[in-house]
Amino acid sequence: MLLRDNMTISQKRAATAWLFLLVPVIFFMVVRFWPTLQSAWISLTEGPLMGPREFVGIDNYTRMFADPEFWTVFINTFEYLAIGLPVSLFLSFVVAYFLDQVRLMHGFIRALYFVPYLTTAVAMAWVWRWFYEPVPIGLFNQILSTVGLPQQPFLRSMAQALPSVLAPAIWAGLGFQVIIFLAGLRAIPDTYYEAARIDGVGRWTILWEITLPLLKPTLLFLVVVSSIGFLRIFDQVYNMTVDGQGGPLNATRPLVLNIYNSAFVDYEMGYATAQTMVLFIVLLAITVAQLRLLRSK
Amino acid sequence: MTATTKQFRAIRPGRIFVWTLLALGGIAMITPFVFMISTSLKTPDQVYDLRFIPAMPTLRNYVELFEDGRFSAWFINSLVTSTLVTLSVLFFDSLVGYTLSKYRFRGRNLVFIAILSTLMIPTEMLVIPWYVMSSHFGWLDSYWGIMFPGLITGFGVFLMRQFFGTVPDELIDAARIDGLSEFRIWWEIALPLVAPALSALAIFTFLGNWTAFLWPLIVTSDRDLFTVPVGLSSFASENLTRWEMVMTGAAVSTIPTLIVFIIFQKYIIRGVVLSGLKG
């Protein structure tokens, strides 16, 4: 009581603020910052899950870079990004560009595109897995056989499996990208378009010279958010490949699945965290690049 | 508003073409749901019949799924953990967002930047220390183990701080003059004013936890404690020969999110735009 009476108003407010922040600050320290440091430490050690850990320096890292399986997985991860990003951005832009011009049933159509974004990725992975099955089970092969085209192996093929796993991930994220593009399109002032039309500029020129340049911040945001999403792909691969192994023959295995297997199948926590550090550095590089680009604007 | 002025200048035949294209694309987007639900209503011998409307629709698969008991347990696990996490996030994220927005004190910016910086740390990097921690403290296979990493989120703090910034300081000062305690000023005066932001945060947190897969998969190995996505994953890999049951399971895990979306569509889309453009 005495202490409280001697405090100024602003000191009392500061004390209240810290009282409000007490539990959350402890939470962030224990559940976010401490595990981050621990992760870096575990990647330099070896040992059983519960027992003492032995410091082994950069052994886990040298092992990782010498492991051909790690490089397969690393390349797969970037393959998801290299196909997923351009395809999803192109599709979502086309949808948003046209949807922006439509008033009839605008909200309903937007909802159709948005629904997959909110649904359980695991459930949808199983629906898609079923679609890819051979005749007479799978929908896609049934359609192919109805129109007289040859059957496709999809998830059973080394070449087709990765795009087949990626398709539901693109499908699920499309609605989010459409919504963000629509908001970006709405933010472009109408006067630009009116001026262009008075000058008699064609539709394509308006798209290339006005719409796309003004959408640059939106585009940049989507590139970063979607890149991070594709580089972290896991749910679809785990549920669409046999025993969640990213097959056939590792053809679809991304980094996160490899981390999961190292940690929770092989119980090699040191080796697994070394891989999480790679993921962290890649994602950080993308975020930093975004901040740079936004500042240079 | 801007769309309408643009619209009147467009050419009519082009409009019909655009509308058809969008509608066909939209139908393609919901086709997986249509097949999922229609197959869940089919008998085993009709599964490979491609008709949308089953010849003899039946709810037998749903009855069988819930009679098994495991699916009901998973459903309850998901419902309880997602609800509790959402309540915790709403309480703490809004309290922290309010404090960081309305109080001036030394260290305020440091706390805010530290919380924001946690958004850059990928969950994949944290799950291994979380698992070690959980196994050390006996949190594996418990509701607490499923819930603890998500109880307070950096994203929610950021969102709520933005929104509390729009609450006028004069209102809070007036409440102080009236003699309300600092906690009650937040709870009774400030909180109701950011109700739209709270509902958006609630919906996103609930859906995010309902659909979460990686962490629940790691922290639970006891089948009775699986959440719906983890349960579905194990259920489906066991039932590959019975696609009508796999689709029923998929439908049960998806239908709640569809209902939430249909009810709160406006909030959800506004929330995506707000968080997306500011994030």
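**Exercise 1. Find which residues of α2(A) and α5(B) meet, and describe how the two helices cross.**

Solution. Start with the residues, keeping in mind that this is a predicted model.

- Step 1: on the α2(A) side, look for A:W18, A:L21, A:V25, A:F28 and A:F33. Their partners in α5(B) are B:V111, B:A114, B:I115 and B:S117.
- Step 2: sort these residues by class. The contact of α2(A) with α5(B) holds 8 nonpolar residues, 1 polar and no charged.
- Step 3: turn to the geometry. Helix α5 of chain B covers residues 108–117, and its axis comes within 11 Å of the axis of α2(A). The two axes cross at roughly 35°, and the crossing is left-handed.

**Exercise 2. Work out whether α2(A) and α4(B) are parallel or oblique to each other.**

Solution. Two numbers are a good place to begin, since a pair of packed helices is described by the angle between the axes and the distance between them.

- Step 1: locate the helices. In chain A, α2 takes in residues 9–42, while α4 of chain B takes in residues 70–102.
- Step 2: read the geometry. Their axes come within 10 Å and cross at roughly 140°.
- Step 3: compare with the cut-offs. Roughly antiparallel needs an angle over 145 degrees, and roughly perpendicular ends at 115. The helices α2(A) and α4(B) are therefore oblique.
- Step 4: add the hand. Here α2(A) passes α4(B) in a left-handed crossing.
- Step 5: name the residues. A:A17, A:F20, A:L21, A:V23 and A:P24 in α2(A) touch B:F92, B:L95, B:V96, B:T99 and B:L100 in α4(B). By class, this contact has 9 nonpolar residues, 1 polar and no charged.

**Exercise 3. Describe the packing of α9 and α10 within chain B.**

Solution. Now we stay inside one chain.

- Step 1: find helix α9 at residues 169–177 and helix α10 at residues 182–193 of chain B. They pack at an angle of about 140°, and their axes are 10 Å apart.
- Step 2: that angle makes α9(B) oblique to α10(B).
- Step 3: check the hand. The crossing of α9(B) past α10(B) is right-handed.
- Step 4: list the residues. B:L171, B:I172, B:A175 and B:R176 from α9(B) meet B:E182, B:I185, B:I189 and B:L193 from α10(B). They divide into 6 nonpolar, no polar and 2 charged.

**Exercise 4. Place B:T58 in its chain and find what its side chain reaches.**

Solution. Zoom in on a single residue.

- Step 1: B:T58 sits in the loop between α2 (12–40) and α3 (60–67) of chain B.
- Step 2: follow its side chain, which reaches the backbone nitrogen of B:R60 at 2.9 Å.
- Step 3: look beyond residues up to four places away in sequence. There B:T58 touches B:S40, B:L41, B:K42 and B:T43.

**Exercise 5. Compare the radius of gyration of each chain with that of a compact globule.**

Solution. Take the chains one by one.

- Step 1: chain A has 14 helices and 2 strands. Its radius of gyration is 25 Å, whereas a compact globule of 297 residues would have one near 19 Å. The C-alpha trace of chain A spans about 75 × 60 × 35 Å along its principal axes.
- Step 2: chain B has 14 helices and 0 strands. Its radius of gyration is 24 Å, well over the 19 Å given by the globule rule for 279 residues, so chain B is more spread out than a compact globule. Along the principal axes, the C-alpha atoms of chain B fill a box of roughly 70 × 65 × 35 Å.

Notes. Residues numbered from 1 in each chain as written. Chains lettered and ligands numbered in written order. Predicted model: local features only at pLDDT ≥ 70, side-chain atom pairs only at ≥ 80, totals over all residues. Heavy atoms only, no water. Helix = DSSP H or I, 4+ residues; strand = E, 2+ residues; numbered from the N terminus. Polar contact = N/O pair within 3.5 Å; in protein donor to acceptor, adjacent residues only side chain to side chain. Contact = heavy atoms within 4.5 Å. Axes fitted to C-alpha atoms, helices over the stretch in contact; angles between N-to-C directions. Parallel < 35°, antiparallel > 145°, perpendicular 65-115°, else oblique. Left-handed = near helix turned anticlockwise from the far one by under 90°. Nonpolar A, V, L, I, M, F, W, Y, C, P; charged D, E, K, R; others polar. Rg over C-alpha atoms; globule rule 2.2 N^0.38 Å.
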